[in-house]
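Please find below a colleague's note on the structure under review. It takes the form of numbered points.

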Amino acid sequence: DYPTILNVNAMSKHRPTYEKMIEDAILMLNERRGSSRQAIKKYLFEKYEELSNIPGTNTRINTAIRKGVANGKFKYSKGPASRIGLVKKPRRKKEEPQNEDVKPSTSAAAATKMNNTRLMIVSPGQNGNDKPRSSVSPGRNGNDKPRSSVSPGQNDID
């Protein structure tokens, strides 16, 4: 005769966090541009049937998506109302194990230092100032297009 009271804390011990569940849903749905909220919720309600009995599940899912986007775990394809995808983690380059006993020679250290620095060689202009000469004069708007020597309307043959 009495309504059953759900123990939400006891139920949450048997399932992962909402963020982890959403991540699994996006991976399992495997859509190219990401998954819609509706598809994610449908997947979660099918896989975790106890979620349908917990009040406020939709709000918790939406909050988890927003927090995941803020943390950099999820991304919107176009905006907050669009599809949700996972952020690809940058691939790390495998680092070669370095022996502390072996020290690079001074020439190798100098070579790597030279590779890491950029040198800019500037030739002086006509008047001896430090401004480099340009072979292309800037156009009217300051862009790098060369000016044409013939003005419009002069191409016409009389």
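The points that follow go from the overall fold to one helix pair and then to the salt bridges.

1. Overall architecture. The model is a predicted one. Its chain contains five helices and two strands, and the order of these elements from the N terminus is α-α-α-α-β-β-α.

2. Burial, surface and contacts. Of the 158 residues in the chain, 19% count as buried. The exposed area of the chain is about 14300 Å², and carbon and sulfur atoms supply 50% of that area. Where contacts join residues at least 6 apart in sequence, 41% of them join residues at least 24 apart.

3. Packing of α2 with α4. Helix α2, residues 18-29, packs with helix α4, residues 57-71, at an angle of about 80 degrees, and the two axes are 9 Å apart. The range for roughly perpendicular is 65 to 115 degrees, and α2 is therefore roughly perpendicular to α4.

4. Composition of that contact. On the α2 side the residues are Y18, E19 and I22; on the α4 side they are T57, R60, I61, A64, I65, G68 and N71. Sorted by class, the contact of α2 with α4 has five nonpolar, three polar and two charged residues.

5. Salt bridges in general. Side chains of opposite charge can pair when their charged atoms come close. How many salt bridges does a search of the whole structure find? The search finds five; the points below take up several of the residues involved.

6. R15 and E50. These two residues form a salt bridge in which the closest N and O atoms are 3.7 Å apart. The pair links distant parts of the chain, with R15 in the loop between α1 (8-12) and α2, E50 in the loop between α3 (37-47) and α4, and the two positions 35 residues apart in sequence. Is R15 buried or exposed? With a relative accessibility of 10%, R15 counts as buried, whereas E50, at 23%, counts as partly exposed. The assignments follow because buried means under 20% relative accessible area and partly exposed lies between that value and 50%.

7. K73 and E19. A salt bridge joins the side chains of K73 and E19, at 3.5 Å from N to O. K73 lies in the loop between α4 and β1 (74-76), while E19 belongs to helix α2, so this pair ties together parts that are 54 residues apart in sequence. K73 has a relative accessible area of 30% and is partly exposed; E19, with 22%, is partly exposed. E19 is also one of the α2 residues that meet α4.

8. The network around K73. Which residues are linked with K73 in a network of salt bridges? They are E19 and E23. E23 is located in helix α2 and counts as buried, at 17% relative accessibility. Leaving aside residues up to four places away in sequence, E23 touches K73, F74 and L86.

9. E31 and R83. In the salt bridge between E31 and R83, the closest N and O atoms are 2.5 Å apart. Here too the pair links distant parts of the chain: E31 is in the loop between α2 and α3, R83 is in the loop between β1 and β2 (84-86), and they are 52 residues apart. E31 counts as partly exposed at 34% relative accessibility, and R83 counts as partly exposed at 26%.

Key: Residues are numbered from 1 along each chain as its sequence is written. This is a predicted model: local features need pLDDT of at least 70, side-chain atom pairs count only at pLDDT 80 or more; totals for chains, interfaces and linings use all residues. Side-chain values use heavy atoms; hydrogens and water are left out. Axes are lines fitted to C-alpha atoms, for helices over the stretch in contact, and angles run from 0 to 180 degrees between N-to-C directions. Helices (H or I, at least four residues) and strands (E, at least two) are DSSP runs, numbered from the N terminus. Angles under 35 degrees count as roughly parallel, over 145 as roughly antiparallel, 65 to 115 as roughly perpendicular and the rest as oblique. Contact means heavy atoms within 4.5 Å. Ala, Val, Leu, Ile, Met, Phe, Trp, Tyr, Cys and Pro count as nonpolar, Asp, Glu, Lys and Arg as charged, and the others, Gly among them, as polar. Buried means under 20% relative accessible area, exposed over 50%, partly exposed in between (1.4 Å probe, protein chains only). Accessible areas come from the Shrake-Rupley method with a 1.4 Å probe; for residues, only the protein chains shown count as cover. A salt bridge is a side-chain nitrogen of Lys or Arg within 4 Å of a carboxyl oxygen of Asp or Glu.
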